[in-house]
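User: Could you take a close look at one buried position in this structure and at the charged side chains around it? I would like one connected account that ends with the surface.

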Amino acid sequence: MRAGLALLLCMLAPVASAQVGVAPYVKRDEYVDIRISPGGDYYAAVKPLEDRQALVVIRRRDHALMADFGGPKDSAIGGYWWINDERLVVALEKQSGSRDRPYLTGELHAINADGSQAKLLVSPDLQKGGETPEAALMVDPLATDDRNVLIKVRDYGANPKPRVERLDVYSGHRTQLMIASPVRNADFVADAQGRVRFAYGSESDVASRLYYRDDDAGAWRLLNDAAQSRHALTPLGFSADGKRAWLQETREHGPDAIVEWDTGTGFDARREVVRDAAVDPFDVILRAGSTEPVGAYFMHRG
């Protein structure tokens with residue numbers, strides 16, 4: 001019996017010594033969502049902390065920490081954008097419980113890469129004197145504009161439809177570009193020239209609707225009503241010249257497709273450009289420094 005036990009231990013010894021520790025694989029990353037500044041002088045990254053997330057900016061030439069921005073406890077970085085070589089805009093998220101999905105707070109902050117000129121641009125808490133509280137979300141960081149961005153503003157009053165404004169990321173000054181969306185619960189897509197040309201959302205029936213206009217002065221026209229067509233279309237972006245648009249389209253059978261539409265033709269003339277046989281597109285690949293889609297990611301099960 002002792003001989004058999006000894007033999008068994010000898011057989012197990014190599015297995016035990018070959019075990020690999022899992023700690024390096026489950027350890028939380030020190031930095032995530034790393035993005036280089038337009039001029040290449042800085043890195044920005046989200047740094048997970050014990051009870052919140054922070055946005056840090058690191059100078060490339062000497063790895064010096066230049067800026068460290070974070071919200072209150074249980075907050076997260078909901079998104080951030082380089083507006084020019086020195087200025088960033090940051091959106092905050094809030095998590096009410098450890099298993100709850102974070103939600104955007106409607107706050108937008110700005111800060112310089114060296115940590116200076118930090119400013120709260122928009123927040124529901126900024127409204128005073130009986131004004132209706134407002135929340136803002138980024139629509140487009142405007143790659144060709146070093147001072148302004150496009151934001152979607154929704155108030156908490158009687159108007160359920162959001163509007164689009166141009167926001168100065170230094171002063172906080174806002175210029176209203178669109179009084180109200182053609183549809184409730186709307187999101188927007190602008191072209192490379194900063195013209196808001198797609199609006200999509202739903203009414204109380206939760207059916208997706210897609211609207212389009214040729215420019216900021218044009219009238220909105222309905223391109224697709226999912227309640228009638230039985231499929232939804234989500235705009236992804238425009239070509240640099242604004243003449244072509246790409247959209248993700250649900251299909252009656254099988255995965256979604258990415259389609260291209262020449263805006264000078266009828267909407268029925270759109271054509272399929274990418275479709276996987278098994279899964280929907282997971283994310284869109286954009287051309288560097290633009291919002292023009294050039295590819296897509298697909299996540300297959302192993």
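What follows is a request about one residue and then a single connected answer.

User: Where does leucine 150 lie, and which residues does leucine 150 touch, not counting residues up to four places away in sequence?

Analyst: The model is a predicted one, and the account below should be read with that in mind. Leucine 150 is part of strand E10, which covers residues 148-155, in a protein chain that has three helices and 22 strands. With a relative accessible area of 0%, leucine 150 counts as buried because buried means under 20%. Buried residues make up 41% of the 302 residues in the chain.

Leaving aside residues up to four places away in sequence, leucine 150 touches Leu137, Met138, Val139, Asp140, Leu142, Glu165, Arg166, Leu177, Ala190, Gly194 and Val196. Valine 189 is 39 residues apart from leucine 150 along the chain, and the C-alpha atoms of the two are separated by 9.9 Å. For the chain as a whole, among contacts with a separation of 6 or more, 30% are between residues 24 or more positions apart.

One of the residues that leucine 150 touches, Glu165, leads from this position to the charged side chains. Glutamate 165 is itself buried, at a relative accessible area of 5%, and its side chain meets that of arginine 174 in a salt bridge, with an N to O distance of 2.6 Å. Arginine 174, by contrast, is partly exposed, with a relative accessible area of 25%, so this salt bridge joins a buried residue to a partly exposed one. As a general point, side chains of opposite charge can pair when their charged atoms come close.

Elsewhere in the chain, aspartate 205 and arginine 209 also form a salt bridge, in which the closest N and O atoms are 2.8 Å apart; here aspartate 205 is the partly exposed partner, at 42% relative accessible area, while arginine 209 is buried at 12%. Returning to glutamate 165, salt bridges that share partners join Glu134, Asp155, Arg163, Glu165 and Arg174 into one network. A further salt bridge is made by the side chains of arginine 59 and aspartate 62, with an N to O distance of 2.6 Å, and aspartate 62 is partly exposed at 37% relative accessibility. A search of the whole structure finds 22 salt bridges.

Turning to the surface, the accessible area of the protein chain comes to about 17300 Å², and 51% of this belongs to carbon and sulfur atoms. A nonpolar patch on the surface is formed by Tyr31, Ile34, Ile36 and Tyr43, which together have about 360 Å² of accessible area. Within this patch, isoleucine 36 has its place in strand E1, residues 32-36, and is partly exposed, with a relative accessible area of 44%.

A negative surface patch is formed by Asp41, Asp85, Glu86, Asp114 and Asp146. Its member glutamate 86 is found in the loop between strand E5 (75-82) and strand E6 (87-94), and is partly exposed at a relative accessible area of 36%. Since patches are made of residues with over 30% relative accessible area and no salt bridge, glutamate 86 passes the area cut-off with its 36%.

To draw the account together, leucine 150 is buried at 0% relative accessibility and touches Glu165, and Glu165 belongs to the network of salt bridges that also holds Glu134, Asp155, Arg163 and Arg174.

Technical notes:
Residues numbered from 1 in each chain as written. Predicted model: local features only at pLDDT ≥ 70, side-chain atom pairs only at ≥ 80, totals over all residues. Heavy atoms only, no water. Patch = residues over 30% accessible without salt bridge, like charges linked within 9 Å, V, L, I, M, F, W, Y side chains within 5 Å. Areas by Shrake-Rupley, 256 points an atom, 1.4 Å probe, with all protein chains shown as cover. Salt bridge = Lys/Arg side-chain N within 4 Å of Asp/Glu carboxyl O. Lys, Arg positive; Asp, Glu negative; His and termini not counted. Charge placed at Lys NZ, Arg CZ, Asp CG, Glu CD. Helix = DSSP H or I, 4+ residues; strand = E, 2+ residues; numbered from the N terminus. Buried < 20%, exposed > 50% of the residue type's maximum accessible area, 1.4 Å probe, protein only. Contact = heavy atoms within 4.5 Å.
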